[in-house]
There are 2 protein chains.
Amino acid sequence: MTDAPVATAPNPEQADPPPYFTAHVFVCCNRRPDGHKRGSCAAAGSEALRDYMKVRAKELGLKGVRINQAGCLDRCEFGPTLVIYPEGVWYAPKTREDVDAILTAHLQQGGRARHLMLTEHDVVPKG
Amino acid sequence: MTDAPVATAPNPEQADPPPYFTAHVFVCCNRRPDGHKRGSCAAAGSEALRDYMKVRAKELGLKGVRINQAGCLDRCEFGPTLVIYPEGVWYAPKTREDVDAILTAHLQQGGRARHLMLTEHDVVPKG
């Protein structure tokens with residue numbers, strides 16, 4: 001016998017727990033004063049879109065999907081904005097029809113509503 | 001020449017954009033009335049912990065990390081709760097020292113503060 005390290009199977013306790021939600025949606029509902037140069041998602045109507053999205057997700061019977069409001073996601077210029085994790089895909093819905101497109105294409109079918117997606121080019125203007 | 005489909009390189013426009021944040025932290029700041037049977041994260045002190053986490057993340061110079069408040073994450077019984085995406089790891093910090101442990105172990109070193117993690121066994125009691 002020696003004191004050499006013994007190879008062991010991977011310790012399952014070291015793996016992360018399974019995802020608690022299949023899709024976790026965060027809708028920015030930050031509100032700034034009227035006239036703020038960056039605007040804000042709430043001022044652009046995000047709260048009503050969040051409410052609609054929650055109702056429609058429930059009506060569609062989407063399992064494992066959680067729709068949450070969030071504080072400022074810092075992409076105000078493109079608001080209303082939302083982000084879906086774990087995939088980290090961002091959208092900028094303006095209307096209920098846009099929300100429907102995201103619910104159907106992304107959350108129901110596992111695809112993307114590409115015409116509504118933010119990309120790496122949608123960055124906060126400097127200065 | 002035929003009308004057979006032509007093999008094409010993957011369309012880069014079909015890939016998701018790169019992550020906008022390296023780590024996106026959502027701290028539940030939902031507040032229910034005192035005495036609610038599920039309690040709430042805000043009633044358990046989450047707002048002060050969020051404020052502290054934002055300040056400390058900035059002081060530590062963590063790049064690409066965003067600390068946000070969120071509405072009810074629906075794991076109220078274990079609150080205050082937070083979740084870090086894209087990895088989808090949940091924590092239940094009670095104190096500033098717990099927040100420091102998460103900042104250091106997870107966000108700074110890329111590991112886990114395992115003693116503070118929620119697991120698949122931390123589920124909402126039925127009934």
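Over the ring of which residue does the charged end of A:Arg75 sit? In this predicted model, the charged end of A:Arg75 sits over the ring of B:Tyr20, at 3.5 Å from the ring centre. A second arrangement of this kind involves B:Arg75, whose charged end lies over the ring of B:Trp90, 4.7 Å from its centre.

B:Trp90 also takes part in an aromatic pair. Over all chains, the count comes to 10 aromatic pairs. In one of them, A:Tyr20 and B:Trp90 are arranged edge-to-face, with 5.4 Å centre to centre and 65° between the planes. This pair crosses between chains: A:Tyr20 belongs to the segment before β1 of chain A, and B:Trp90 to strand β4 (residues 89-91) of chain B. The two partners are assigned to separate accessibility classes. A:Tyr20 is partly exposed, with a relative accessible area of 26%, whereas B:Trp90 is buried, at 3%. Residues of both chains are also found in one aromatic cluster, formed by A:Phe26, A:Tyr85, B:Phe26 and B:Tyr85.

Helix α1 of chain A spans residues 46-59. Its 14 residues reach 20 Å from the first C-alpha to the last, close to the 20 Å expected at 1.5 Å a residue. The buried residues of α1(A) are A:Ser46, A:Leu49, A:Arg50, A:Tyr52, A:Met53 and A:Ala57. Viewed down the axis of α1(A), these buried residues fall within an arc of 165°, and therefore line one face of the helix. In general, an α-helix has 3.6 residues a turn, so residues three or four places apart point the same way. The cover over the buried residues of α1(A) includes the strands β1 (23-28), β2 (65-70) and β3 (82-85) and the helix α2 (96-108), which belong to chain A. On the other side of α1(A), the residues A:Ala48, A:Lys58 and A:Glu59 are exposed. Just after this helix, A:Gly61 adopts a positive phi of about 70°.

The cysteines were examined next. Over all chains, the structure holds 0 disulfides. B:Cys41 is in no disulfide, and its nearest cysteine sulfur, that of B:Cys28, is 3.7 Å away. Because a disulfide requires sulfur atoms within 2.5 Å, the 3.7 Å between B:Cys41 and B:Cys28 does not qualify. B:Cys41 counts as buried, at 2% relative accessibility. B:Cys72 is likewise in no disulfide; the nearest cysteine sulfur is that of B:Cys76, at 3.8 Å. With 15% relative accessibility, B:Cys72 also counts as buried.

How values were computed
Residues are numbered from 1 along each chain as its sequence is written. Chains are lettered from A and ligands numbered from 1 in the order in which they are written. This is a predicted model: local features need pLDDT of at least 70, side-chain atom pairs count only at pLDDT 80 or more; totals for chains, interfaces and linings use all residues. Side-chain values use heavy atoms; hydrogens and water are left out. Helices (H or I, at least four residues) and strands (E, at least two) are DSSP runs, numbered from the N terminus. The expected span of a helix is 1.5 Å times one less than its number of residues. Buried means under 20% relative accessible area, exposed over 50%, partly exposed in between (1.4 Å probe, protein chains only). The arc is that of the directions from the helix axis to the C-beta atoms. Contact means heavy atoms within 4.5 Å. Rings of Phe, Tyr and Trp (its six-membered ring) pair if their centres lie within 6.5 Å; planes under 30 degrees apart count as stacked, over 60 as edge-to-face and the rest as tilted. A charge sits over a ring if NZ of Lys or CZ of Arg is within 6 Å of the ring centre and within 35 degrees of the ring normal.
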